[in-house]
Amino acid sequence: MPNFLIMPERLKTIHISKYFIVPSFLLSSVFVVAQPTVGNQSNQKSTPGWPNYTMTWNHNHNTGDDGVLVVILHSATNNTVSGVKYNNVSMTQRKYFNDGNSKVGIYELANPATGTNEVKVTMSTHGQSVAAVAQSFTGATTGGEAFSTKDTPNNSNVHTATRSGLTVGSRMIVVGTSASRSGSPVYDVEGSSYTPTNKDGTAKMGVAISDAITSTSLNVTTRSGGSWSGGYVSNLSLEILGVSSCSVGDGSSDPSVAQNSAMTNITHATSGVTG
């Protein structure tokens, strides 16, 4: 029987390199604060009599996302407001300022019920005149900066105050009061003039709303078209914040091919039969 010797052929080394398709994208996120939208405004003025210590009226809040309702009150100094509700929901007091001749309160509520609902102001005394303004916004959030200052301008018709810590893109509600006033008041925000959209019957309080602000620090001025009397001018403001939105950029790069630095070596022996 013949002998067969099986001899291996030469070893063949196969090199396999690994490649990875790596798509790389460049995404840029930018947070933008949209300007709040000014909605409906309503007002009321009354002199509550005993035993009724409340003042009520209906306000129609606009339909839309991220609603905010602001109520501003102006009353005599011996009258204290104990609470403000909208649709039976308590509002947050942001300012309650006694300027020596009158009191001004600013209240706000996030996401109020839309449609027509009751605003109810509860007071501690009766027989005192109370003026009120309710202002709706959409595309807004609560918690903006609130300020109140008083000046004795010696019958000058101007009181300017600096407001800081603000958010670019928000609006400012400006409230001005005085003991008595003649003429038509005009309020300035960041150098732009605004005529109050509402004044109480005695022209002692005015409310104006600014456009979107462009700086985190600015001047707010309350002024009258005539002369002030009573020796003081009040200057209050509430910042109405817009809603922040995130926009994603569309920039991207082409996919790239990356080679793994590690090589895989596989040695494969083939064999044959010789004889």
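**Questions on the predicted model**

Q: Does N111 count as buried or exposed?
A: This is a predicted model in which local features need pLDDT of at least 70 and side-chain atom pairs count only at pLDDT 80 or more, while totals for chains, interfaces and linings use all residues. Residues are numbered from 1 along each chain as its sequence is written, and side-chain values use heavy atoms, with hydrogens and water left out. Buried means under 20% relative accessible area, exposed over 50% and partly exposed in between, with a 1.4 Å probe and protein chains only. At 56% relative accessibility, N111 therefore counts as exposed.

Q: What is the phi value of N111?
A: N111 is placed in the loop between strand 10 and strand 11 (115-123); strands (E, at least two residues) and helices (H or I, at least four) are DSSP runs, numbered from the N terminus. Most residues other than glycine have a negative phi. N111 is not glycine, yet its phi is positive, near 50°.

Q: Where is E190, a residue other than glycine with a positive phi?
A: The phi of E190 is near 55°. With a relative accessible area of 30%, E190 is partly exposed. Its place is in the loop between strand 17 (186-189) and strand 18 (192-194).

Q: How many salt bridges does a search of the whole structure find?
A: Side chains of opposite charge can pair when their charged atoms come close. A salt bridge requires a side-chain nitrogen of Lys or Arg within 4 Å of a carboxyl oxygen of Asp or Glu. By that criterion, the number found is two.

Q: With which residue does E108 form a salt bridge?
A: The closest N and O atoms of the pair are 2.8 Å apart. The pair links distant parts of the chain, with E108 in strand 10 and its partner in strand 9 (residues 92-98), 14 residues apart. E108 is buried at a relative accessible area of 5%, whereas the partner is partly exposed at 23%. That partner is R94.

Q: Which residue forms a salt bridge with D211?
A: The closest N and O atoms are 3.9 Å apart. D211 lies in the loop between strand 20 and strand 21 (218-223), and its partner lies in strand 16, 40 residues apart in the chain. D211 is partly exposed at 44% relative accessible area, while the partner is buried at 10%. The residue is R171.

Q: How many residues does the largest nonpolar core have?
A: A nonpolar core is a set of buried Ala, Val, Leu, Ile, Met, Phe, Trp, Tyr and Cys residues joined through side-chain atoms within 4.5 Å. In the largest core, the residues with the most contacts inside it are V70, I72, F137, I173 and V175. Strands that each supply at least two residues of this core include strand 6 (68-76), strand 10 (102-110) and strand 16 (171-181). The size of the largest core is 18 residues.

Q: Why is strand 10 largely enclosed by the rest of the structure?
A: Strand 10 runs antiparallel to strand 6, joined by nine bridges, and antiparallel to strand 9, joined by six; two strands pair if DSSP finds at least two bridges between them. Within these pairings, V70 has E108 as its bridge partner, and F97 stands opposite V104. Strand 10 is largely enclosed because the number of its nine residues that are buried is eight.

Q: Which residue in the turn between strand 9 and strand 10 has a positive phi?
A: Strand 9 and strand 10 form a hairpin with three residues between them. The phi in question is about 105°. The residue is G100.

Q: Which strands stand at the edges of the open sheet of four strands?
A: The order in this sheet is 15-21-17-18, with antiparallel pairing. Each edge strand has a single partner strand, so one side of each is left without a neighbour in the sheet. The edge strands are strand 15 and strand 18.

Q: Which side chain does the side chain of T149 join in a polar contact of 3.2 Å?
A: A polar contact is a pair of N or O atoms within 3.5 Å; within protein, one must be able to donate a hydrogen and the other to accept it, and residues adjacent in sequence count only if both atoms are side-chain atoms. T149 is in strand 14 (residues 146-151) and is partly exposed at 24% relative accessible area. The partner is in strand 15 (residues 158-163) and counts as buried at 5%. The side chain is that of H159.
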